[in-house]
Amino acid sequence: MTEANPLALVVDDEQQIRRFLRAGLELDGFAVEEAESGQGALRLATLKPPDLVILDLGLPDMDGGDVLERLRTWSSVPLIVLSVRSNEAEKVRLLERGADDYVVKPFGMAELLARAHAAMRRYVRVSTGEPVIRIGPLSIDLAARIVTIDGERVMLTPKEYRLLQLLAQHAGNVVTHQFLLKEIWGSPHLQDTHYLRIFMRKLRQKIEADPTQPRILLTELGIGYRLVAPEIANPAPA
Amino acid sequence: MARFERIGRELRGSVIALLMVAATTGVVYALALSLEIRRGSAVYLLPVLLAGWHLGLIPALVAAVAGVLMSGYFFFSPYYSFYIARPNEFLHLVLFMVVAAVVSHLANSMKQQTELARKREKEMRDLYAFSRRLAVASSAGEIYRAIEEHLANLVQRKVVLFGAGAGEPGVLPEGMSLAARVHDAIAHVRDGHIPVSTVDDGAGDVWLIRRVSEANADFGVIAIDLGSVPAADIEEIRQRVDDVLADAAATLEHLDVARALDDAKMRSETELLREALIGSVSHELRTPLSSILGAATVLSNSPAVAADERLTSLAGVVRDESERLNNDIQNLLDATRVSRKQITPNSEWIEPQDIVNSALERRRRHLAGHKVLLDLDSNLPLIYVDAVLVEQAFVQIVDNAAKYSPAGSPITVAAKRNGSQVVLSVRDQGAGLSALENGQIYERFFRGQRHAATTSGSGLGLWIAQAFVNANGGKIVAASPGIDCGTTVAIHLPFATPTTEPEVGPDD
């Protein structure tokens, strides 16, 4: 391990889970710190600011959502939540409170790493102002507001572009319906998911090779949408 | 109030009586003038009789006095004077008053008797209807409804029956609440301390509270709001309620409801215990499973293991098997939710093919051994469902197709519109269904005899899927041409049109 290795903070009260997360993250080139409580996590995060936080929700001392909120008051570190199945409402709440993404227990390491890298890339992109996102044949130039497929310009209406832009800015991570509806149509339309469905259908028809089997604009049922991670098409060095 | 009303009524009656006397006088006087008759006093019996019959004693007496005075005025000397001089005039007066008294008394008692007869007839009719309902009742619920309605009819007040079975709270009619004292009394009676009690609810109403059956507390408790009745009447009402309930309790006993209720109580307790156990065990299993599955995926990516094909495949086995175990646990948890009736759809508008794609993505590894053919209509209407529940149901169906069809055989997944429904279907070329099996596959824990030895499973999958789809207003339909001829299982979901459309302007 060298100083250049990014630091991951793993917060989970189960020792066995911390063990495999440490192994998996170290294999992927991370340095790892562990905390088994919310208080411990907050203390560690101030002492050694991490580059990534993996946060389990079932902590003995604090509600995971509260840990997240406290952390967010002073840190915008990429953060992935470990959640249990079948509670979509909770996932949405955590995403709204500032989590970048979630994985559902039990999960495979590859899935967690894909989410983590996507979240970390976003912070890099925001800080360096990298304007172009490439996913396979699709290229989105956020500065010039130009979308191309295989070099051919795709004409999008302003709202279609806005939808794609919001997803591209979070490429690889899930974006909630509520966030998209609020950004595009405003607060009164937070419940009107069919607006999104209708525009997503149009967008897929323009961008996907087969709109009935999207490979780029993915649906997360009950939560939102996810623009597929650029790494999958253009593997980036970890 | 009643007093004033009565005085008013008597006054009105008296005025009418006087008017009748006046009218009689008019007629008699006209006749007397034209026919030169000066004998008309007997005619004044007519208003007395009429008043006595229809208006009661006092108006009749008024008519009698007025009649005598009038006849004295017109027909006896000295004419045109109210002076009663002769003894037969006085006799008239006495006679008229006696007639008034007798007629009004007769009329009154006859009215009362008619009233009583009518009331008795209605009670008999009600009682007859009640016993007929008891006779045909086939469930405790029907008997309870009959009791409630009959008693409410009988006392013309509110009646609340607190159901049978332990712990079951009384179901109060909408917008009704009971005073704390009444509640306490009901609990007291239900717990078997006393069989019957009367309690004042503090607002002036008296409640009669009684066990449905004196002998068996399991039959529940009935509470009757008697209103503000004198203590003397309570005893009478209580007697009648007792009679009604005696019949009803006998019928309840007869139906063997007592035993059924006992059984239900015990069954529901066992069920609860079992489900609590399943719930906690499943959660306990989840945590180590997460570690096992996570560790397996780390192992298969580690350079040492990745370099050795045998080790990679072993890590794959650990992963696949723990995923399967996870599915089984999920099924147990879902089954618990279904049987506790905790399925509450959280509906949203969704593209039908998103559900299909998401389910297939979740089962990609599972389906790797099959050729999946997709047939998704591109322009399906949106559906308003809980997408997560429907996806879970679809995953179950996909799992079954993969499980009961040979490796390498094609599985066709389709999403189509059919009339007012969207149909998501999975067709395999596997084991198929016999007609008998087709009737049983939705049953909890059903597993085909043919597969018992060769394929593992819990028999929960389709049962859960069906509950999830039903909760969304849809249904699951399975069809098979026969054994080994493949199966098509389809989810039928109704669709509606969103009430609001996004406004699409030229700038959108």
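The following dialogue examines the cores and sheets of a predicted model.

Student: What makes the set of 120 residues a nonpolar core?

Tutor: A nonpolar core is a set of buried residues of certain kinds, Ala, Val, Ile and Phe among them, joined through C-beta atoms within 7 Å. The largest such set in this model has 120 residues, and those with the most contacts inside it are A:Ile54, B:Val390 and B:Phe394. Helix 12 (residues 387-403) of chain B gives the most to this core, with 11 residues. Apart from it lies another core, of 35 residues, including B:Phe162 and B:Leu208.

Student: Which residues does A:Ile54 touch, not counting residues up to four places away in sequence?

Tutor: Contact requires C-beta atoms within 7 Å. With that sequence limit, A:Ile54 touches A:Ala8, A:Val10, A:Val11, A:Leu21, A:Ile80 and A:Leu82.

Student: Why is strand 3 (residues 206-211) of chain B described as largely enclosed?

Tutor: A residue is buried if 20 or more other C-beta atoms lie within 10 Å of its own. Six of the six residues of strand 3 of chain B are buried, so the strand is largely enclosed by the rest of the structure. Side chains in a regular strand alternate between the two faces of the sheet. Here B:Val206, B:Leu208 and B:Arg210 are buried on one side, and B:Trp207, B:Ile209 and B:Arg211 are buried on the other.

Student: What makes strand 2 (residues 196-200) and strand 3 of chain B a pair?

Tutor: Pairing requires at least two bridges. Five bridges join these antiparallel strands of chain B, so the requirement is met. B:Thr198 stands opposite B:Leu208 in strand 3 of chain B. The hairpin of strands 2 and 3 of chain B has five residues between the strands, and B:Gly202 there takes a positive phi near 90°. Strand 3 of chain B is also joined to strand 4 (residues 221-227) of chain B, by six bridges and again antiparallel. In that strand 4, B:Gly227 is the bridge partner of B:Val206.

Student: Why are strand 2 (31-35) and strand 5 (101-105) of chain A said to stand at the edges?

Tutor: Chain A has an open sheet of five strands in the order 2-1-3-4-5, with parallel pairing. Strands 2 and 5 of chain A each have a single partner strand, so one side of each is left without a neighbour in the sheet. Five bridges join strand 4 (residues 79-84) of chain A to strand 5 of chain A, where A:Ile80 stands opposite A:Asp101.

Student: Which strands does helix 5 (residues 109-128) of chain A lie across?

Tutor: Helix 5 of chain A lies across strand 3 (52-56), strand 4 and strand 5 of chain A, running at about 170° to strand 5 of chain A.

Definitions and conventions. Residues are numbered from 1 along each chain as its sequence is written. Chains are lettered from A and ligands numbered from 1 in the order in which they are written. This is a predicted model: local features need pLDDT of at least 70, side-chain atom pairs count only at pLDDT 80 or more; totals for chains, interfaces and linings use all residues. A residue is buried if 20 or more other C-beta atoms lie within 10 Å of its own, exposed if 12 or fewer, and partly exposed in between; C-beta atoms are placed from the backbone. Helices (H or I, at least four residues) and strands (E, at least two) are DSSP runs, numbered from the N terminus. Two residues are in contact if their C-beta atoms, placed from the backbone, lie within 7 Å. Axes are lines fitted to C-alpha atoms, for helices over the stretch in contact, and angles run from 0 to 180 degrees between N-to-C directions.
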